[in-house]
Amino acid sequence: MAVETEKQRWQRNFADLLQELRVAQTGVQILFAFLLTLPFSSGFPRATTFQKDTYVVALLSAAAATALIISPVAFHRALFRQGRKPELVRFAHGMATGGLAFMLVSMVSSVLLITDFLLPRAVAFVLSGLTGLWFLTFWAVLPSLRRNWGEADEDDEEPVAARPDAVD
């Protein structure tokens with residue numbers, strides 16, 4: 001069994017993180033693009049002050065999510081070939097987490113904006129709250145509950161460096 005060096009582990013962690021960011025980046029860019037076009041649609045002038053305020057929250061949080069999710073690319077360019085992969089992975093992890101948090105705000109705000117436009121405000125708040133809970137369930141609660149999923153007993157476990165399938 002091949003032993004994974006620390007450098008290889010950081011490289012694998014970075015590659016895994018980039019794959020995750022590609023998925024999130026596509027979603028947030030589509031949402032951001034949609035939000036950028038919304039004020040130019042024919043129905044937007046009929047939006048209430050509350051809906052316009054909700055729109056601004058959705059737009060700005062989508063912009064923040066986009067910036068945070070793309071920032072590891074700029075950070076990588078700045079640190080390219082400097083042997084600072086651990087620092088890059090830690091930074092990118094924080095930015096991805098922040099980006100997902102802003103994406104959650106943008107998604108819930110977008111749902112609130114559209115449902116408030118179509119339905120009574122009380123129903124819009126309920127549906128938006130349920131949307132937020134739905135996202136939090138799959139993005140935070142379940143992953144937290146499953147953090148130790150499938151781990152062997154401590155006595156049976158090999159060191160991380162000896163397991164090629166180890167996921168950090």
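## Overall architecture

From the N terminus on, the elements of the protein chain run α-α-α-α. The chain holds four helices and zero strands. The model is a predicted one, and every value below is computed from it.

Of the 168 residues in the protein chain, 31% are buried. Among contacts with a separation of 6 or more, 72% join residues 24 or more positions apart. The protein chain exposes about 11,000 Å², and 65% of that area is supplied by carbon and sulfur atoms.

## Helix H2 and its serine

Helix H2 covers residues 49–79 and includes Ser71. Ser71 has a relative accessible area of 17%, so this residue is classed as buried, the cut-off being under 20%. The side chain of Ser71 reaches the backbone oxygen of Leu68 at 2.8 Å. Leaving aside residues up to four places away in sequence, Ser71 touches Phe91 and Met95.

Val56 is also found in helix H2. With a relative accessible area of 40%, Val56 is partly exposed, whereas Ser71 is buried at 17%.

## Where H2 meets H3

Helix H3 spans residues 85–118, and Ser109 lies in this helix. At a relative accessible area of 9%, Ser109 is buried. Setting aside residues up to four places away in sequence, the residues that Ser109 touches are Thr54, Val57 and Ala58.

A second pair of positions links distant parts of the sequence. Val56 and Ser106 are 50 residues apart along the chain, and their C-alpha atoms are separated by 9.6 Å.

## The nonpolar surface patch

A nonpolar patch of about 950 Å² lies on the surface. Its members are Phe34, Ile114, Phe117, Leu118, Leu119, Val123, Val126, Leu127, Leu130, Leu133 and Leu136. Two elements give two or more residues to the patch: helix H3 (85–118) and helix H4 (121–145). Helix H4 gives the most, with six residues.

Ile114 is one of the patch residues and is found in helix H3. Why can Ile114 be counted in a surface patch? Patch residues need over 30% relative accessible area, and Ile114 passes this cut-off because its value is 35%. The value also makes Ile114 partly exposed.

## The salt bridge

How many salt bridges are there? The count comes to one. In this salt bridge the side chains of Asp116 and Arg121 meet, with an N to O distance of 2.8 Å.

The two partners fall into separate accessibility classes. Asp116 counts as buried, at 7% relative accessibility, while Arg121 counts as partly exposed, at 37%. The reason is that 7% is under the 20% cut-off for buried, whereas 37% lies between 20% and the 50% above which a residue is exposed.

## Summary of the named sites

Two serines are buried: Ser71 in helix H2, at 17%, and Ser109 in helix H3, at 9%. Ser71 touches residues including Phe91, and Ser109 touches residues including Val57. Two nonpolar residues are partly exposed: Val56 at 40% and Ile114 at 35%. The salt bridge joins Asp116, which is buried, to Arg121, which is partly exposed.

Terms used: Residues numbered from 1 in each chain as written. Predicted model: local features only at pLDDT ≥ 70, side-chain atom pairs only at ≥ 80, totals over all residues. Heavy atoms only, no water. Buried < 20%, exposed > 50% of the residue type's maximum accessible area, 1.4 Å probe, protein only. Polar contact = N/O pair within 3.5 Å; in protein donor to acceptor, adjacent residues only side chain to side chain. Contact = heavy atoms within 4.5 Å. Patch = residues over 30% accessible without salt bridge, like charges linked within 9 Å, V, L, I, M, F, W, Y side chains within 5 Å. Areas by Shrake-Rupley, 256 points an atom, 1.4 Å probe, with all protein chains shown as cover. Salt bridge = Lys/Arg side-chain N within 4 Å of Asp/Glu carboxyl O.
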